[in-house]
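User: Hello! I am new to this structure and would like a close look at a single part of it, with the surroundings explained as you go. Could you walk me through it?

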Amino acid sequence: MAGANAIISIRDIARNGMLGAPILVMAMLAMLVVPLPPWLLDIFFTFNITLSLVVLLAGIYSRKPLDFAAFPTVLLIATLLRLALNIASTRVVLLDGHTGTDAAGQVIEAFGDFVVGGNYAVGLVVFAILVIINFVVVTKGAGRISEVSARFTLDAMPGKQMAIDADLNAGLIDQAEAKHRRAQVVREADFYGAMDGASKFVRGDAIAGILILFINIIGGIAIGLLQHSMDFGEAAHNYTLLTIGDGLVAQIPALVLSTAAALMVTRVSSDEDMGKQILTQLFDNPRTLGVTAGVIGILGLIPGMPNLVFLTLAGLSGYGAYQIALRKKAAVQKVT
């Protein structure tokens, strides 16, 4: 009877998702100390890319930042998972990199051979561009927005609390609604404060990616030359491609998560998801597309320009402006 109750309780814990975080933490600890075979690295790298896409889409489809209040914690876990994967893959690359570019699994080999064409010079340039975009553009801007949002939110807390108390004293809301609004104000302040700190995780992850790249390349070439008696060209080819593949596999999810963080801190609370909100506000006025069609059409008439592409886009923009104007006119007539 006790064994059956234990099985039932374990089943309830698993069904409620309470085992997800401990299992993930144990997996990260295992990646730090236990050598992983290449096929298991493929699974974890694929899971890491999938997780980053899920987080990005969850941020896009949330209607307001507090709908995804767990985002700072998710960002921390995803960053630690990616760094643990970097350590696990580095171990495999340095131990078995002399055997070829498939030593660390098919995912790293695909990113090293297929994505950059097997040319490690091209791979270094692509990796540098990704790091610059992530570190200088996305992460720096998101970190600044997080800092300002946290400061303004904390400064506005007393005024919001006083407004809630005023509505309660005036009888506009009841005690339950006042309690709910106070909790929302506290959650909002906690969220933006956590996002201010979470942006530092992303920034540190970008710096760690640069350092890991150079350490792996230098260490791999040294191991290939000194321990496996490889030629310098062969050692540089194998270890550099493996390192670049590892770096690209890590940097692409990092860039996706940085974009998700930037989207979360630039969100404005609305009853619409981000995609619908952007489309509604961007194409609500037909003159926007109309003027764009005129400018693109004029550029398309200039000799030497890709005339077909410009004129096609001008025609599509003009048609879209016409349809928006018709829809707005029909809405006005329906109201009147």
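Analyst:

**A close look at helix α7 and its partners**

The side chains of asparagine 216 and threonine 90 are joined by a polar contact of 3.1 Å. This is a predicted model, and every value here is computed from it. Asparagine 216 sits in helix α7, and its relative accessible area is 3%, so it is buried, the cut-off being under 20%.

Let us stay with helix α7, which covers residues 175-226, and turn to its charged side chains. The structure holds three salt bridges. One of them brings together the side chains of arginine 182 and aspartate 165, at 2.7 Å from N to O. That pair links distant parts of the chain, since arginine 182 belongs to helix α7 and aspartate 165 to helix α6, 17 residues apart. Arginine 182 has a relative accessibility of 24%, which makes it partly exposed. Aspartate 165 is partly exposed too, at 31%.

Next comes arginine 181, which forms a salt bridge with aspartate 167, their closest N and O atoms lying 3.4 Å apart. Here again distant parts of the chain are linked: arginine 181 is in helix α7 and aspartate 167 is in helix α6, 14 residues apart. Arginine 181 also forms a salt bridge with glutamate 177, where the closest N and O atoms are 3.1 Å apart. Those two residues both lie in helix α7, four residues apart, or about one turn of the helix. An α-helix has 3.6 residues a turn, so residues three or four places apart point the same way. Taken together, Asp167, Glu177 and Arg181 are linked in a network of salt bridges. How buried or exposed are its members? Arginine 181 is partly exposed, with a relative accessible area of 32%. Aspartate 167 counts as partly exposed at 24%, and glutamate 177 is partly exposed at 31%.

Now for the partner helix. Helix α6 runs over residues 120-169 and has 50 residues. From its first C-alpha to its last it reaches 69 Å, close to the 74 Å expected at 1.5 Å a residue. Where does α6 bend? The bend, of about 40°, is at methionine 157, and proline 158 follows within four residues. After α6 comes glycine 171, whose phi is positive, near 80°.

For another helix to set beside α6, look at α3, residues 38-61. Its 24 residues should span 34 Å at 1.5 Å a residue, and its end C-alpha atoms are 35 Å apart, which agrees. Among the buried residues of α3 are Leu41, Phe44, Phe45, Leu51, Val55 and Leu56, along with polar ones such as Asn48 and Ser52.

Finally, a stop on the surface. Val25, Met26, Leu29, Leu32, Val33, Val34 and Ile87 form a nonpolar patch there, with about 620 Å² of accessible area together. Helix α2, residues 20-33, gives the most to this patch, with five residues. Isoleucine 87 comes from helix α4, residues 71-96, and is partly exposed, with a relative accessible area of 39%.

Terms used:
Residues are numbered from 1 along each chain as its sequence is written. This is a predicted model: local features need pLDDT of at least 70, side-chain atom pairs count only at pLDDT 80 or more; totals for chains, interfaces and linings use all residues. Side-chain values use heavy atoms; hydrogens and water are left out. The expected span of a helix is 1.5 Å times one less than its number of residues. Buried means under 20% relative accessible area, exposed over 50%, partly exposed in between (1.4 Å probe, protein chains only). The bend at a residue is the angle between axes fitted to the seven residues ending there and the seven starting there. Patches are made of residues with over 30% relative accessible area and no salt bridge: like charges are joined within 9 Å, nonpolar side chains (Val, Leu, Ile, Met, Phe, Trp, Tyr) within 5 Å. Accessible areas come from the Shrake-Rupley method with a 1.4 Å probe; for residues, only the protein chains shown count as cover. A salt bridge is a side-chain nitrogen of Lys or Arg within 4 Å of a carboxyl oxygen of Asp or Glu. A polar contact is a pair of N or O atoms within 3.5 Å; within protein, one must be able to donate a hydrogen and the other to accept it, and residues adjacent in sequence count only if both atoms are side-chain atoms.
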